[in-house]
Amino acid sequence: RESDHRAWTPVTCTVTRQNATVQGLTEGKAYFFRIAAENIIGMGPFTETTKEIVIRDPITVPDRPEDLEVKAVTKNSVTLTWNPPKYNGGSDITMYVLESRLIGKEKFHRVTKEKMLDRKYTVEGLKEGDTYEYRVSACNIVGQGKPSFCTKPITCKDEIAPPSLDLDFRDKLIVRVGEAFSLTGRYSGKPAPKVTWLKDDIVVKEDDRTKIKTTPTTLCLGILKSVREDSGKYCVTVENSTGSRKGFCQVNVVDRPSPPVGPVIFDEVHKDHMIVSWKPPLDDGGSEITNYIIEKKDAHRDLWMPVTSATVKTTCKIPKLLEGKEYQIRIYAENLYGISDPLISDEMKAKDRFRVPDAPEQPIIKDVTKDSAVVVWNKPYDGGKPITNYIVEKKETMATRWVRVTKDPIFPSTQFKVPDLLEGCQYEFRVSAENEIGIGDPSPPSKPIFARDPIVKPSPPINPEAVDKTKNSVDLSWQPPRHDGNGKIIGYLVEYQKVGDEEWKKANLTADSCPETKYKVTGLTEGLTYKFRVKAVNAAGESEPAYVPDPVEVKDRLEPPELILDANMAREQHVKAGDTLRLSAVIKGVPFPKVSWKKEDHEVSPKADIEVTGVGSKLEIRNTVHEDGGIYSLTVENPAGSKTVSVKVVVLDKPGPPRNLQVSEVRSDSCYLTWMEPEDDGGSVITNYVVERKDVASAQWVTISSSSKKRSHMAKYLIEGTQYVFRVAAENQFGRGPYVETLKPIKAIDPLHPPGPPKNLHHVDVDKTEVSLVWNRPDRDGGAEITGYLVEYQEDGADEWTKFQTVPMLDCVVTGL
């Protein structure tokens, strides 16, 4: 029997000897044993062991260690390794004892004085040339076991072997760009050789893509995601004190070529063909260029047309062109590994190289008198052949026919004095150029001129005066001069002078910048006093100045701000979502007020475009959304006061999604949906809700109500056992808002209840440790099939019931009682 049990277990009753072996005991447990003798009359009394016996194997010394090997030998040391004994004697190994014997001596001497558990040891301090043999034994708590078998006699001397190298790669290796490659091999030698990798005579260093792995017998150089720069001659050197070995591999990382080198040169251009040339790619991808692919396209269309893909020369004829159209050429280089990116030319018009000259630019007329004028022009493009003559023509402005001014050649001069004009008539002039191909198009007509004698300077302007002023500007006004000098007044020059200074400064640099009889002089200094004068200007020059009678002190003329509202700034403004909101007002005041727009006392949205002009301001928001609604205010302010107006903006939109969609009262054919109104009604009353359902196995939503104004709906006509998803959206007069869906599918089944109690429970058999029970099904199953019966038992007088197991049938045998 086990020491912690009271029951005895028979082992055997057929033993006639005075000993027996008891099987099936558990290691580590304690047992008592008893023995009784038996004869034909009966069994005698038992004799018991006096104390418990703990079951465990007997402890002995360990077996001998195994596989004692010599790993390295030098002239003064030996390195040995061994494996543990097959059996440790029933107790953990506490240490190993290594012994050596000098050949010629009888005794072994212990090598290790310290306690050693490692199974590797280097014996040092030996004498070169001596020969030893070694053995090792293991110790446990009992003692030292048998020694291992001895090593062969070992003589202390350095082991030397020249390097050997066995490579797994050939002399040449071709790799596609982006692929990985590795160079591997095996090597040996004593002492252990040093391994060095070179690429094009430069030491290879490890990085993110380059990995070098060297073990005592193998070597490997690996490169991930190779690039063209990885091409080169790789060399691995294996070297020790006795010599070296080298292995080589020419690696070529190949790729498609780089684009041909531009620009595309148009060597010849004709009306129906061109001849182009280019330079080869800077990088052929590691493989020679097999051909170039040339394509052409009309510069104003997107369709590329093939020309040829079979040329290896860097020049090509582009045929079948339409005269006058502009073309682009693109060229690809191709090798065995792919096609390069294209080289695209500039646009070039298909036309013959030599043609008539271009039309000159508009000629300029000078030195006009009552019967002559000088026409001046610039030389145009000569069409590829030298210009031999210019043809100058004239016509009266109202006439239609052009007349040559002379039959004599005009060349190389680019100006001509036209005689025989009629005084007072208005003339225009044009010029054409001629070469050996023919006469080119005429220039645009010159500006019309009247044949009259040169004009003189005008008289001064009349009555200049200061009509308005601010803190940094003065507005001047005057009347035209009495005499314009026979020429049109081009404009006026306005000058000012600070009182006390001698120098007059120009308010405008050119007369044509002030064509009217008024001007605002800006950039003045507040509080200073200035004098002003005005000159009239015609083609002959400037008139004498006319002075403003009194000096003017520069300071603001104050007028409080005034707002004149446009119709879109009425008290309330309604805008449909997606439309543009526009708010505007006319603004007055001196100085011009500072304008600021606010929404609910905050800055307006960055999407709002605000425009401020000298007469008013406008705010515009495109593609309005509901959030753009609110109170907008416009404030104008200057030193004389401020004024603010507000407008309420309502952006009308579809409503937001309903909230808190709930499903309750689920039955086999119906359920009850409830929800809350959306947080945002889109600025308009919600007219109705749309309720839809969907079988989870179907992709189609089915509308079950589209006109309900209530926030609930009874979903009827469901199919029992089917899973459904429901969704609800709100509608107002501007459309239907987003749907809100139920969070999880709802199965259309009647609610379940627990089944009733089993009936007529009684036992049909009883043993000393088990009871057989049977019972009948309950009266009600709670709306679902009964899946099993839970059996529990309770010791008489106890409070707790103990679960036994759940069974599927109407019977059960309760065991372990």
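**Exercise 1.** Is S345 buried or exposed?

*Solution.* The model is predicted, so local features need pLDDT of at least 70 and side-chain atom pairs count only at pLDDT 80 or more, while totals for chains, interfaces and linings use all residues. Residues are numbered from 1 along each chain as its sequence is written, and side-chain values use heavy atoms, with hydrogens and water left out. With a relative accessible area of 3%, S345 is buried (buried means under 20% relative accessible area, exposed over 50%, partly exposed in between, with a 1.4 Å probe and protein chains only). S345 is found in the loop between β29 (343-344) and β30 (348-349), where strands are DSSP runs of E of at least two residues, numbered from the N terminus. Leaving aside residues up to four places away in sequence, S345 touches V264, F266, Q328 and I329, contact meaning heavy atoms within 4.5 Å.

**Exercise 2.** Locate the partners of the salt bridge between E99 and R135, and classify the accessibility of each.

*Solution.* A salt bridge is a side-chain nitrogen of Lys or Arg within 4 Å of a carboxyl oxygen of Asp or Glu, and the side chains of E99 and R135 meet at 2.8 Å, N to O. E99 lies in strand β7 (residues 95-102) and R135 in strand β10, so the pair ties together parts that are 36 residues apart in sequence. E99 counts as buried at 13% relative accessibility, whereas R135, at 22%, is partly exposed.

**Exercise 3.** Which residues are linked with K535 and E495 in a network of salt bridges?

*Solution.* Begin with the pair itself: the side chains of K535 and E495 meet in a salt bridge of 3.7 Å, N to O. K535 lies in strand β44 (residues 529-538) and E495 in strand β41 (residues 491-498), so this pair ties together parts that are 40 residues apart in sequence. K535 is buried, with a relative accessible area of 12%, and E495 also counts as buried, at 6%. The network is then completed by R533 and E542, which are linked with K535 and E495.

**Exercise 4.** Compare the end-to-end spacing and strand content of the two segments that UniProt annotates as "domain: Ig-like".

*Solution.* The unreviewed UniProt entry places this feature at residues 163-252 and 561-646, and such annotations may be inferred rather than shown by experiment. In residues 163-252 the end C-alpha atoms lie 28 Å apart, and the span is 0% helix and 64% strand. For residues 561-646 the corresponding values are 16 Å, 0% helix and 62% strand.

Technical notes:
Helix = DSSP H or I, 4+ residues; strand = E, 2+ residues; numbered from the N terminus.
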